[in-house]
Amino acid sequence: MSHTGANGIVCLTGISSGGHPIALDAATLNRTIVLENDLVFGSVNANMRHYRAAADALARADRGWLERLITRRVPLDKWQDAFKSRPEDIKVVLQFAEAA
């Protein structure tokens with residue numbers, strides 16, 4: 001994660017075997033991720049039961065709260081605008097298709 005530039009994206013697709021401690025300054029890592037607008041996400045090969053549980057949890061979530069997290073939607077053909085920061089931005093997303 002320390003090798004990405006600002007607006008970097010890191011996908012964690014596996015887990016370590018453990019038993020190898022590393023020194024990590026969590027506060028610095030957190031500050032860097034937030035201030036550089038980085039994204040860290042993970043992928044897991046869960047079974048269908050876990051997938052359905054996650055989908056159900058999202059379906060029950062407060063829709064208004066979820067929608068307020070995305071402050072700006074930018075059409076794909078204007079993708080450059082998504083990288084122009086505005087003071088009111090929380091999360092800006094690229095929109096690949098018109099909302100239904």
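Asparagine 37 is partly exposed, because its relative accessible area of 41% falls between the 20% limit for buried and the 50% limit for exposed residues. This residue of the predicted model is found in the loop between helix α1 and strand β2. Although asparagine 37 is not a glycine, its phi is positive, at about 55°.

Asparagine 7 may be described in the same terms. Its position is in the segment before strand β1. Here, too, the residue is not a glycine, and its phi is positive, with a value of about 65°. Asparagine 7 has a relative accessible area of 37% and is therefore partly exposed.

**The β-α-β unit**

The elements named above belong to one arrangement: β1, helix α1 (residues 26-35) and β2 form a β-α-β unit that is right-handed. Within this unit, strand β1 covers residues 9-12 and strand β2 covers residues 39-42, and the two pair in the parallel sense over four bridges. Cysteine 11 has phenylalanine 41 of β2 standing opposite.

**The two largest pockets**

The volumes and linings of the two pockets are set out below.

| Pocket | Volume | Nonpolar lining residues | Polar lining residues | Charged lining residues |
|---|---|---|---|---|
| Largest pocket | about 570 Å³ | eight residues | four residues | three residues |
| Second largest pocket | about 160 Å³ | seven residues | four residues | two residues |

The largest pocket has a lining of 15 residues. Those that lie nearest its centre are Asn7, Asn37, Ala82, Lys91 and Val92. Both asparagines discussed at the start are thus found in this group. Strand β4 (residues 91-95) provides four residues, the largest share of the lining of the largest pocket.

The second largest pocket holds about 160 Å³ of space. Its lining consists of 13 residues, and Met1, Ser2, Leu29, Thr32 and Ile33 are the closest to its centre. Helix α1 contributes the most to the lining of the second largest pocket, with four residues. Both α1 and β2 supply at least two residues each to this lining.

**Links between the parts**

Two elements of the right-handed β-α-β unit, α1 and β2, therefore recur in the lining of the second largest pocket. The loop between α1 and β2 holds asparagine 37, and Asn37 is among the residues that lie nearest the centre of the largest pocket. Asn7, which is also in that group, lies in the segment before β1.

Notes. Residues numbered from 1 in each chain as written. Predicted model: local features only at pLDDT ≥ 70, side-chain atom pairs only at ≥ 80, totals over all residues. Heavy atoms only, no water. Pairing = 2+ DSSP bridges. Right-handed = clockwise from strand over helix to strand, strands pointing away. 1 Å grid on protein atoms, 1.4 Å probe; cavity = no way out; pocket = protein on both sides within 12 Å on 5 of 7 lines; lining within 4 Å. Points joined across faces, edges and corners; volume = space filled by probe spheres on them. Nonpolar A, V, L, I, M, F, W, Y, C, P; charged D, E, K, R; others polar. Buried < 20%, exposed > 50% of the residue type's maximum accessible area, 1.4 Å probe, protein only.
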